[in-house]
Every structure is written in C-alpha cells, then in structure tokens.
Amino acid sequence: MMIKILIADDDPDIRDVLKLTLSEENYEVIEAKDGEEALMIINTKPIDLVLLDYKMPKIDGRQVCRLIKKDLLLRHLPVIMVTGKGEINDKVGGIDAGADDYVVKPFEPKELLARIRMILRRTERDLEANPLTRLPGNVSIINELTRRIDSGNKFAVCYVDLDKFKSYNDKYGFEHGDKVIRETARILLRATQECGRPDDFVGHIGGDDFVIVTSIDNSDGICKNIISSFEKVSPEFYNEEDKKQGYIMGKDRQGKEQKIPLLSVSIGVVTNEFRKLEHVAQVGEIGAELKEAAKRLERSNYIKDKRK
C-alpha cells in the first residue's frame, strides 16, 4: 500500500520542492495550504506522516501538532515540523507541541528522506495499526490475548460491535460509515481511560468490530460507559428526518423493505473468572456467541460470561 504524506505549508514553492523530493521515494503526496485545511484532511483521510510548516495562516503548525497529539485516534501519527533557518524557538516550540522530529529550511533532500524513512520504520514497529482508527490490529490483538492467557492472571475481553451498521452504510455511504467507526474508537478509548487501568488494551479487529482487554472488576464500568456514550452520540450520525422518526428504511436479507433502528452497540464479555481460557480461538468463539446474545436484546447492551 502506498504511503501517504501530507505536506502542510502556505508557500506553494516549498510545497513543490517537498513534492519533488518525496517523489523520489514514490510516496503519495497530499497538500494543504494552511493549518485549518491540514486538520480537515488529517481527520478525513488515512495519513501516514505529516510534514508541517511551523508558521502558517489560520492555525499555525504548533497548534495543529498539539491537536493531533491530543486526539486519541491521531496521537500515533508522526509529525515532522519544518522550521526556518536558525529559528531556535520554532524548534523548541515544535518539540514541546509533540512533534516527532524537525527539519530546517532550506533542507537537504537526502537527509529529509532519511528522517522520513526512520520515523516510518519506528512507527510501523511501534504500532501495527488499523489504517482507519490507528488502533492496534489483529497481530497485536492475538499477541495481547496470548500474553494474558499465558500469564495465568484473571482478565476480561470485551468484544464490541455495532448493530445495523451495514444498513447505515448502505444508506449514508462509506465516508459517513468511516466517521462512525472513528467516533466509536474514540468512545472505546475514553471509556477505557476513564474506567480502566493504564495497561488495558484497545484493538480494532476490522470493520465495526473492536476488542478491549481489561480486568474483570473494571469490565462492567467500561461497558456501561461505552453504551451510555454511544447512545448519546448515535442520533447525531443521522439527518434530521431519520433522527426524528428513530429509524431508516432499508432492505432485509430477502430484499424486503423494512424499518431499521438507529445504530446501537453490542458487547460480549469473556472472562476466565469461572472457567479456564486456554487459547485465543476459544476466547474468540465465546466472544462471538455472547455478542450475538447481546444483539438479541433491546438497543445497546452487554452480556458477561458467567458460565463455569
């Protein structure tokens, strides 16, 4: 997959020089002429790295960097700050704002490319991530579950998935669907931060499927927080008419028109409180079964495994 790099600079000549330099490595380049446009692109497209000019109109590079690093989904996005020659305050300001590295104008093309390669390698090593949410993906999920099983300690795995998401995607399109996925990821991260422990794990299996690994004691609080937050935000994903009537018209598997309820969230919670969990596939099978049971309940809900 081609690596996407965003160049954010108000000087078109600098953007051209950067674009020419990056073309040597066959990177896909996206351009922004100010901080506001840069943020809009970052929030709507999967970007792999940002080259950010320190001094830009509307929102300067330092503010853009701060907003990226403050966002739960974007904080792993690497940022290289581009500063003016000898502007020591700009370098310090960029690093304070959370920039991963900086280059000074005029820059040496070979050095810039080497720095980009180094940061991309480091990011790839640190985070095998889903491109949409930047949450750890399946390799990390399997490794985390294996580690927990091997430790012999008590733990809980919350399998989270959205109800009626396909019907929503069919009506509103993939761009709106992607926004729902990203907002769901934010809800999961916030709930885990507020109700869990620092070593809790949040991963993105793919599509509208997520997983949280936490302690048994904290799992109820996390699930309740997710459900409460999702129910508050869910109507905002719809237009006024659909929001008011509380459903959309869609087709069932037989192709018949029917009323489809607004999006909700179902969670199946697997624990080793009452039975031994021996391998990752077993955890996944129990999670899928519990999630299906939660889906049969009204609106957003969760079911916790209590069988022995």
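This report walks through a few local features of a predicted model.

**Helix α7 and its surroundings**

Start with helix α7, which covers residues 165-172. Five of its residues are named as buried: Phe165, Ser167, Tyr168, Asn169 and Tyr172. What do the buried residues of α7 pack against? Their partners include two helices, α8 (174-195) and α10 (240-245). Strands β6 (156-163), β9 (247-251) and β10 (257-261) are also partners. Just after α7 comes Gly173, with a positive phi of about 95°.

**Arg182 in helix α8**

Helix α8 holds Arg182. Is Arg182 buried or exposed? Its relative accessibility is 12%, so Arg182 counts as buried, because the cut-off for buried is under 20%. Which residues does Arg182 touch, leaving aside those up to four places away in sequence? They are Asn43, Thr44, Leu73, Leu132 and Thr133. Take Leu73 as a case. Arg182 and Leu73 are 109 residues apart along the chain. Yet their C-alpha atoms are separated by 7.6 Å.

**A charged patch**

Now turn to the surface. Asp10, Asp11, Asp13 and Asp16 form a negative patch there. One of these, Asp16, belongs to helix α1, which spans residues 12-23. Asp16 has a relative accessible area of 43%, so it is partly exposed. A patch takes residues with over 30% relative accessible area, and Asp16 has 43%.

**Backbone exceptions**

Most residues other than glycine have a negative phi, and most peptide bonds are trans. The residues below go against the phi trend. Neither Lys58 nor Arg299 is a glycine, and each has a positive phi.

| Residue | Phi | Loop | Relative accessible area |
|---|---|---|---|
| Lys58 | about 70° | between β3 (49-53) and α3 (61-70) | 61% |
| Arg299 | near 50° | between α11 (280-295) and β12 (301-304) | 33% |

Both residues sit in loops. Lys58 is exposed, whereas Arg299 counts as partly exposed. The cut-off explains these labels: exposed means over 50%, and partly exposed lies between that and the 20% limit for buried.

Next comes a peptide bond. Where is the bond to Pro106, and is it cis or trans? It runs from Lys105 to Pro106 and is cis, with omega near -5°. Pro106 lies in the loop between β5 (101-104) and α5 (109-126).

Technical notes
Residues are numbered from 1 along each chain as its sequence is written. This is a predicted model: local features need pLDDT of at least 70, side-chain atom pairs count only at pLDDT 80 or more; totals for chains, interfaces and linings use all residues. Side-chain values use heavy atoms; hydrogens and water are left out. Buried means under 20% relative accessible area, exposed over 50%, partly exposed in between (1.4 Å probe, protein chains only). Helices (H or I, at least four residues) and strands (E, at least two) are DSSP runs, numbered from the N terminus. Contact means heavy atoms within 4.5 Å. Patches are made of residues with over 30% relative accessible area and no salt bridge: like charges are joined within 9 Å, nonpolar side chains (Val, Leu, Ile, Met, Phe, Trp, Tyr) within 5 Å. Accessible areas come from the Shrake-Rupley method with a 1.4 Å probe; for residues, only the protein chains shown count as cover. A salt bridge is a side-chain nitrogen of Lys or Arg within 4 Å of a carboxyl oxygen of Asp or Glu. Lys and Arg count as positive and Asp and Glu as negative; His and the chain ends are not counted. The place of a charge is taken as NZ of Lys, CZ of Arg, CG of Asp or CD of Glu.
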